[in-house]
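Here is a small set of exercises to work through with the model open beside you. Try each task before you read its solution.

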Amino acid sequence: MRIGFLGTGRISQAVVTGLCSVVMPPERITLSPRNAGIAAELARRFSNVRIAADNAEVVAASEIVVVAVRPDDAEVVLRRLPFRAGQKVLSLMALVPLTRVRELVAPAGAVRLLPLPTIAQREGPIVLYPHADWAEKLLEPLGEIVAAGSEAELETLWTATALIAPFMEHLAAVGRWLEAQGVATARADRYTRSMFAGLARLAATSEATLAELRDEAQTPGGLNEQALRELRGAGSFDALQRSLDAIAARLAAAHHSG
Ligand SMILES: NC(=O)c1ccc[n+]([C@@H]2O[C@H](COP(=O)([O-])OP(=O)(O)OC[C@H]3O[C@@H](n4cnc5c(N)ncnc54)[C@H](OP(=O)(O)O)[C@@H]3O)[C@@H](O)[C@H]2O)c1
């Protein structure tokens, strides 16, 4: 399998790392030359990765082309590239609707994909729309495939990806508090990471609903019940909902104006 990447930024770096870490990595991965630093690093790390002279060479050399440029660059980058019938495109771009992607890469076929940076570790969700056997086969070793039921659903799931930085800050805030109470910095850091990693694994693998897991963690009159009540009272979870509403509205506005 020969795979090409248009746009070698942060998410391509994660996807290429994941792809090259599976038992049977793709025979050839061809990267567009920008960003030069990331492309050079990937070519150094993985013997099946090479850097093309330009975007046209990426398309010519690949059976599957991953489009991972910023949405504003889509038109300029994709227009006039030598896409061919039978070729397959995975668009990672936010905000660019499938119909527009398909127009830009015709006569190749295209689907949309939402990976997270955790794809580098071959973990986490990978949203796909619409379903395509070839894409599922490629992505299956890289995480948990979530088949969106519609493009609107893909966009709604995209909204939740805005919570990556708040999630990290949640952990950082816990670590800072532990440290302020006198726990050694390294221990506070390790404890916080390990605690939330364990809880995330429990949530990911348990057959209980998330509401059941929440309730199981609360002994009546206990510490978890108190913390949950106080955070709820302070409007923590309302703020989360409001932020998701605002992100969804921003995505919808950008989508329609774009
Ligand atoms: N980051 C994520 O977690 C994530 C997740 C899902 C989807 N996405 C989507 O993936 C796309 C890329 O996101 P990103 O975070 O990886 O952004 P990024 O780091 O800015 O990567 C975009 C890359 O495209 C390159 N580029 C610009 N013009 C180009 C051209 N004419 N030809 C080839 N490459 C060109 C840029 O090079 P320069 O640096 O030299 O300008 C940059 O390296 C976006 O559409 C985003 O919506 C991102």
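A polar contact is a pair of N or O atoms within 3.5 Å. Keep that cut-off at hand for the first exercise, and bear in mind that this is a predicted model.

**Exercise 1. The ligand**

Find out which residues come nearest to the ligand, and look for polar contacts that an oxygen atom of the ligand makes with arginine 10.

Solution.
- Start with the surroundings: 22 residues lie around the ligand, and Ile11, Arg34, Asn55, Val69 and Arg70 come nearest.
- Turn to arginine 10, where a polar backbone atom sits 3.0 Å from an oxygen atom of the ligand. The cut-off for a polar contact is 3.5 Å, so a pair of N or O atoms at 3.0 Å counts as one.
- Now try threonine 8: one of its polar backbone atoms is 3.5 Å from a ligand oxygen.
- With arginine 34 the side chain takes part, as one of its N or O atoms is 2.8 Å from an oxygen atom of the ligand.
- Finish with the surface: the ligand taken alone exposes 890 Å², and the protein buries 80% of that.

**Exercise 2. The sheet and its helices**

Work out the order of the eight strands in the open sheet, then place helix 1 and helix 5 on it.

Solution.
- Trace the strands across the sheet, and you should read 3-2-1-4-5-6-7-8, with mixed pairing.
- Check the two ends: strand 3 (49–51) and strand 8 (144–147) are the edge strands, each pairing on one side only.
- Compare directions: ignoring the sense of the turn, neighbouring strands are turned by 25° against each other on average.
- Zoom in on strand 4 (residues 64–67) and strand 5 (residues 88–91), which run parallel and are joined by four bridges. Valine 66 has leucine 90 of strand 5 as its bridge partner.
- Add helix 5 (residues 98–105), which packs on the sheet and touches strand 5, strand 6 (109–114) and strand 7 (125–129). Its direction makes about 135° with that of strand 6.
- Last comes helix 1 (residues 10–19), lying across strands 1, 2 and 3 and running at about 165° to strand 1.

**Exercise 3. Glycine 143**

Locate glycine 143 and decide why it is classed as partly exposed.

Solution.
- Glycine 143 belongs to the loop between helix 6 (133–139) and strand 8.
- Its relative accessible area is 23%. Buried means under 20% and exposed means over 50%, so glycine 143 is partly exposed.
- Leaving out residues up to four places away in sequence, glycine 143 touches Arg122, Glu123, Gly124 and Ile126.
- Leucine 116 is 27 residues from glycine 143 in sequence, with 9.6 Å between their C-alpha atoms.

Conventions. Residues are numbered from 1 along each chain as its sequence is written. This is a predicted model: local features need pLDDT of at least 70, side-chain atom pairs count only at pLDDT 80 or more; totals for chains, interfaces and linings use all residues. Side-chain values use heavy atoms; hydrogens and water are left out. Two strands pair if DSSP finds at least two bridges between them. Axes are lines fitted to C-alpha atoms, for helices over the stretch in contact, and angles run from 0 to 180 degrees between N-to-C directions. Contact means heavy atoms within 4.5 Å. A residue is near a molecule or strand if one of its heavy atoms lies within 4 Å of it. A polar contact is a pair of N or O atoms within 3.5 Å; within protein, one must be able to donate a hydrogen and the other to accept it, and residues adjacent in sequence count only if both atoms are side-chain atoms. Accessible areas come from the Shrake-Rupley method with a 1.4 Å probe; for residues, only the protein chains shown count as cover. Buried means under 20% relative accessible area, exposed over 50%, partly exposed in between (1.4 Å probe, protein chains only).
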